[in-house]
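I opened this model to see what sits inside it. My notes follow in the order I looked things up.

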Amino acid sequence: AALSEEEALSGAGLALPDGAANAEGCAAHAEGLFEGKVALLARGEESCSFAEKTRLAEQAGAAAALFFDSSDLPPQEVLLPGASLPLPRIPAWLIGQAIGEELRAKVQAGQTCSMA
């Protein structure tokens, strides 16, 4: 039986993209980079869409994508409307800058951060 979104993400760790140059996730990631994890990506300057970033994270094995904004806002699910490419099948959320930067610093320091 297929797992629910909640079951699939329970305990999934956070992972960062490979290198600061791809912090926004607009380029392909190394195969398996996010395997079973939640990709933590910067929102950035809109150099590519949320759908594209989520699709690229999914291709690298991500269970979900978590974007952090350049401002503080309450967490919200990202809608992926009308993309001209195949839509990703994994969930995506947008969180505020402060919590996103805190999570990124913890992952960079080698701390384990997981979805609850």
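**Entry 1: the cores**

I started with the largest nonpolar core, which has 13 residues. Phe34, Ala39, Ala57, Ala62 and Phe67 touch the most other members. I then asked which elements give two or more residues to this core. They are strand 2, helix 2 (50–59), strand 3 and strand 5. I also found a second, separate core of 12 residues. Leu40, Ala64, Leu66 and Cys113 are among its members. In soluble globular proteins, nonpolar side chains tend to be buried together. I keep in mind that this is a predicted model.

**Entry 2: the overall count**

I stepped back to the whole chain. I count 3 helices and 5 strands. Along the sequence they follow the pattern α-β-β-α-β-β-β-α. The chain has 116 residues, and 41% of them count as buried. I looked up the accessible surface too: it comes to about 6400 Å². Carbon and sulfur atoms hold 51% of that surface. Next I checked contacts with a separation of 6 or more. Residues 24 or more positions apart account for 68% of them.

**Entry 3: strand 3 and its partners**

How many residues of strand 3 are buried? I get 5 of 5, so I note the strand as mostly covered, with under 20% relative accessible area as the cut-off for buried. Strand 3 spans residues 64–68. Ala64, Leu66 and Phe68 point one way from it, and Ala65 and Phe67 point the other way. In a regular strand the side chains alternate between the two faces of the sheet.

I then looked for the pairing. Strand 2 and strand 3 run parallel and are joined by 5 bridges. In that pair, Val38 stands opposite Ala64. Strand 3 also pairs with strand 5 in the parallel sense, over 4 bridges. Here I noted two facing positions. Leu66 stands opposite Trp93, and Phe67 stands opposite Leu94.

Strand 5 covers residues 92–95. Ala92 and Leu94 point one way, Trp93 and Ile95 the other. All four names are on the buried list.

**Entry 4: Ala39**

I picked Ala39 from the core list. This residue is in strand 2 (residues 38–42). Is Ala39 buried or exposed? Its relative accessibility is 0%, so Ala39 counts as buried. I left aside neighbours within four places in sequence and listed what Ala39 is in contact with. The list reads Ala15, Phe34, Ala57, Ala62, Ala64, Ala65 and Leu66. I also took one distance: the C-alpha atoms of Ala39 and Gly61 are 9.1 Å apart. These two residues are 22 apart in sequence.

**Entry 5: helix 2**

I turned to helix 2 next. It is mostly covered, with 9 of its 10 residues buried. The buried residues are Phe50, Ala51, Glu52, Lys53, Thr54, Arg55, Leu56, Ala57 and Glu58. I note that this list holds charged names such as Glu52, Lys53, Arg55 and Glu58. What covers the buried residues of helix 2? The cover includes strand 2, strand 3 and strand 5.

I looked closer at Thr54, which lies in helix 2. Its relative accessible area is 0%, so Thr54 is buried. A polar atom of the Thr54 side chain lies 2.8 Å from the backbone oxygen of Phe50. An α-helix has 3.6 residues a turn, so residues three or four places apart point the same way.

After helix 2 comes Gly61. I read a positive phi there, near 95°.

**Entry 6: the aromatic pair**

How many aromatic pairs does the count give? I get 1. The pair is Phe50 and Phe67, with ring centres 4.9 Å apart. The planes are at 55°, so I record the pair as tilted. Phe50 lies in helix 2 and Phe67 in strand 3, so the pair ties together parts that are 17 residues apart in sequence. A pair of aromatic rings is described by the distance of the centres and the angle of the planes.

I closed with burial for both rings' residues. Phe50 is buried, with a relative accessible area of 17%. Phe67 is buried too, at 0%.

Definitions and conventions. Residues numbered from 1 in each chain as written. Predicted model: local features only at pLDDT ≥ 70, side-chain atom pairs only at ≥ 80, totals over all residues. Heavy atoms only, no water. Buried < 20%, exposed > 50% of the residue type's maximum accessible area, 1.4 Å probe, protein only. Contact = heavy atoms within 4.5 Å. Areas by Shrake-Rupley, 256 points an atom, 1.4 Å probe, with all protein chains shown as cover. Pairing = 2+ DSSP bridges. Core = buried A, V, L, I, M, F, W, Y, C linked by side-chain atoms within 4.5 Å. Polar contact = N/O pair within 3.5 Å; in protein donor to acceptor, adjacent residues only side chain to side chain. Phe/Tyr/Trp six-rings, centres within 6.5 Å; stacked < 30°, edge-to-face > 60°.
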